[in-house]
Amino acid sequence: MKSHFVTFAHYNRWANRRLYAVAAELTDAQFREDRGAFFGSLRGTLNHLLVGDRVWFNRFTGEGVNPPSLNAILHDGFDELRTARAAEDERILAFVNDLDASRLDRPFAYRSMDGSPVELPLGQLLAHVFNHQTHHRGQAHTLLTQFGLSVPALDLVYFLRD
């Protein structure tokens, strides 16, 4: 089971690099333009992905500063956001590589964003994190195609074949 999460951490980094390479073609105005997505713009969507990862991996590691909300803008500019994304992807890889596989089936207790106590198996929570990333990367992919950009396939099978 651990190898599954290691694969997903590598896939996550690969997909983010591909997505950000295309996003770099946008103007700053396009990056910020509200396109009616759940988090408005590509800027909002990509920041939300980073927010989600930081919230979860801060819970898992006890390290870092939790974002104040799920729609927080952690990095206003694209270049700063891209640098932070790359660092977070390395943090995720390090976590799963160092993870004791026996922890995956054990309950993990945390507090939700509203402060409610929750306890679920760590493996299920990691599955949620990687699913969340894929979901919002799909939204970002759509936003980029709306600008007429050619976005490469981000499906897992392309990563596995790459």
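**Helices, a hairpin and a shared core**

The buried residues of H4 (buried meaning under 20% relative accessible area, exposed over 50%, and partly exposed in between, with a 1.4 Å probe and protein chains only) pack against H1, helix H2 (28-32), H3 and H5. Packing here rests on contact, that is, heavy atoms within 4.5 Å. Helices (H or I, at least four residues) and strands (E, at least two) are DSSP runs, numbered from the N terminus. This is a predicted model, in which local features need pLDDT of at least 70 and side-chain atom pairs count only at pLDDT 80 or more, while totals for chains, interfaces and linings use all residues. Residues are numbered from 1 along each chain as its sequence is written, and side-chain values use heavy atoms, with hydrogens and water left out.

Staying with H4, its buried set consists of Phe78, Leu81, Ala84, Arg85, Glu88, Asp89, Ile92, Leu93, Phe95 and Val96. The 21 residues of H4 should span 30 Å at 1.5 Å a residue, and the end C-alpha atoms are indeed 30 Å apart; the expected span is 1.5 Å times one less than the number of residues in the helix.

Next comes H3. Its 20 residues should span 28 Å at 1.5 Å a residue, which agrees with the 28 Å between its end C-alpha atoms. H3 is mostly covered, with 18 of its 20 residues buried. At its N-terminal end, Ser41 acts as a cap: a side-chain oxygen sits 3.3 Å from the backbone nitrogen of Arg43. After H3 comes Gly62, with a positive phi near 75°.

What holds the middle of the picture is the largest nonpolar core, which has 44 residues. A nonpolar core is a set of buried Ala, Val, Leu, Ile, Met, Phe, Trp, Tyr and Cys residues joined through side-chain atoms within 4.5 Å. Leu42, Leu46, Phe57, Phe60, Leu126, Phe130 and Leu144 touch the most other members of this core. Helix H1 (2-23), helix H3 (42-61), helix H4 (78-98), strand E1 (107-111) and H5 each supply at least two of its residues. H1 gives the most, with eleven residues.

Two of those well-connected residues can be followed further. Leaving out residues up to four places away in sequence, Leu42 touches Ala23, Leu26, Phe31, Glu33, Ala140, Leu143 and Leu144. Leu144 lies in helix H5 and is buried, with a relative accessible area of 0%. With the same exclusion of residues up to four places away in sequence, Leu144 touches Leu19, Val22, Ala23, Leu26, Leu42, Leu149 and Val151.

H5 itself has 25 residues and reaches 37 Å from its first C-alpha to its last, close to the 36 Å expected at 1.5 Å a residue. Just after H5, Gly148 takes a positive phi of about 85°. His132 also sits in H5 (residues 122-146), and at 16% relative accessibility His132 counts as buried. The side chains of His132 and His48 are joined by a polar contact of 2.9 Å. Such a contact is a pair of N or O atoms within 3.5 Å; within protein, one must be able to donate a hydrogen and the other to accept it, and residues adjacent in sequence count only if both atoms are side-chain atoms. Beyond four places in sequence, His132 touches His48, Leu49 and Gly52.

On to the strands. E1 and strand E2 (residues 117-121) pair in the antiparallel sense over five bridges, where pairing requires that DSSP finds at least two bridges between two strands. E1 and E2 form a hairpin with five residues between them, and Gly115 in the turn has a positive phi of about 90°. Within E2, Glu119 is the bridge partner of Ala109, and Pro121 is that of Pro107. Side chains alternate along E1: Phe108 and Tyr110 point to one face and are buried, while Pro107, Ala109 and Arg111 point to the other and are not.

Last, the rings. A search of the whole structure finds 16 aromatic pairs. Rings of Phe, Tyr and Trp (its six-membered ring) pair if their centres lie within 6.5 Å; planes under 30 degrees apart count as stacked, over 60 as edge-to-face and the rest as tilted. The rings of Phe8 and Tyr11 have centres 6.2 Å apart and planes at 80°, so this pair is edge-to-face. Phe8 and Tyr11 both lie in helix H1, three residues apart, about one turn of the helix, and both are buried. For Phe108 and Tyr110, the centres are 6.4 Å apart and the planes at 25°, so the pair is stacked. Phe5, Phe8, Tyr11, Trp14, Phe130 and Phe159 form one aromatic cluster.
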